[in-house]
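Colleague: I've just opened this one and don't know my way around yet. Could you walk me through it?

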Amino acid sequence: NVIAADFSKARARPGEIDIPHYDVRAAMGVGQVLPSDYIETIRHVTISLDFMRSQGISCTQPDNLALITGFGESMNRTFKSGDPLIIDQGIKTVTTAGVYLFSLSGALMVKRLQILPNGVRVLSDNEAYPPYEVTGKDLDNLIIHARVLLAWRSQRL
């Protein structure tokens, strides 16, 4: 009655990608201080390439994938505060509407970005947070770090 298990450090098998977790906590709201009792939900993920393809997810290259955590309530309709987010760090510009990890005037955020003729609209998926536009010289303070590809929602059943 022995169950075989592989406890080696080599996690990924053929057809899988190892995604490292980065100790990055991006604000999904107006910004906040990290609570002292914060517990990281997931530290490392090995994910099947077939699963990613079945979800319609592609990336610039597997080494550009990382796992981060967003905090705040502004994206609540899409994912919740503390949910793990898989990002593609190979995406450094907004070429299509989507959810991005970006800095604006030094504040790290996760929000939905939409291209405008003269800039970018920043949208929250929670209606309590109004959209705003980044235009003109403010665009110089906008740095795109990655696009969010997948959110693993946690939900109590």
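Modeller: Sure. First, a term we'll need: accessible areas here come from the Shrake-Rupley method with a 1.4 Å probe. Keep in mind that this is a predicted model.

Colleague: What share of the exposed area of the protein chain do carbon and sulfur atoms supply?
Modeller: The protein chain exposes about 9,600 Å². Of that area, the part supplied by carbon and sulfur atoms is 51%.

Colleague: And which elements does the chain run through, from the N terminus on?
Modeller: The secondary structure comes to one helix and nine strands. Two strands come before the helix, and the order is β-β-α-β-β-β-β-β-β-β.

Colleague: How much of the protein chain is buried?
Modeller: Buried means under 20% relative accessible area. Out of 157 residues, the buried share is 36%.

Colleague: Where does Ser 103 lie, and is Ser 103 buried or exposed?
Modeller: Ser 103 lies in strand β5, which covers residues 98–104. Its relative accessibility is 12%, and the cut-off for buried is under 20%. Ser 103 therefore counts as buried.

Colleague: Which side chain does the side chain of Ser 103 make a polar contact with?
Modeller: Leaving out residues up to four places away in sequence, Ser 103 touches Leu 108, Asn 141, Leu 142, Ile 143 and His 145. One of these, His 145, is 42 residues away in sequence, yet the C-alpha atoms are 7.5 Å apart. The polar contact, at 2.6 Å, is with the side chain of His 145.

Colleague: Lys 111 has no salt bridge, so what does its side chain make a polar contact with?
Modeller: Lys 111 lies in strand β6, residues 107–116, and is buried. The nearest side chain of opposite charge, Asp 125, is 8.9 Å away, while a salt bridge needs a nitrogen and an oxygen within 4 Å. The polar contact of the Lys 111 side chain, at 2.8 Å, is with the side chain of Ser 124.

Colleague: Which residue does Asp 125 meet in a salt bridge?
Modeller: Asp 125 is buried, with a relative accessible area of 10%. The N to O distance in its salt bridge is 2.8 Å, and the partner is Arg 112. The pair links distant parts of the chain, 13 residues apart: Asp 125 is in the loop between β7 and β8, and in strand β6 sits Arg 112.

Colleague: How many salt bridges are there, and how far apart in sequence are the parts that Glu 127 and Arg 77 tie together?
Modeller: The count comes to four salt bridges, and one of them joins the side chains of Glu 127 and Arg 77 at 3.5 Å, N to O. Glu 127 is in the loop between β7 (119–123) and β8 (132–135) and Arg 77 in the loop between β3 (65–71) and β4 (84–88), so the parts tied together are 50 residues apart.

Colleague: Are those two buried or exposed?
Modeller: Glu 127 has a relative accessible area of 69%, and Arg 77 comes in at 61%. The cut-off is over 50%, so Glu 127 is exposed, and Arg 77 also counts as exposed.

Colleague: Last one: which strands hold Glu 133 and Arg 121?
Modeller: Their side chains meet in a salt bridge at 3.0 Å, N to O. The pair ties together parts 12 residues apart, because Glu 133 lies in strand β8 and Arg 121 in strand β7.

Terms used: Residues numbered from 1 in each chain as written. Predicted model: local features only at pLDDT ≥ 70, side-chain atom pairs only at ≥ 80, totals over all residues. Heavy atoms only, no water. Helix = DSSP H or I, 4+ residues; strand = E, 2+ residues; numbered from the N terminus. Buried < 20%, exposed > 50% of the residue type's maximum accessible area, 1.4 Å probe, protein only. Contact = heavy atoms within 4.5 Å. Polar contact = N/O pair within 3.5 Å; in protein donor to acceptor, adjacent residues only side chain to side chain. Lys, Arg positive; Asp, Glu negative; His and termini not counted.
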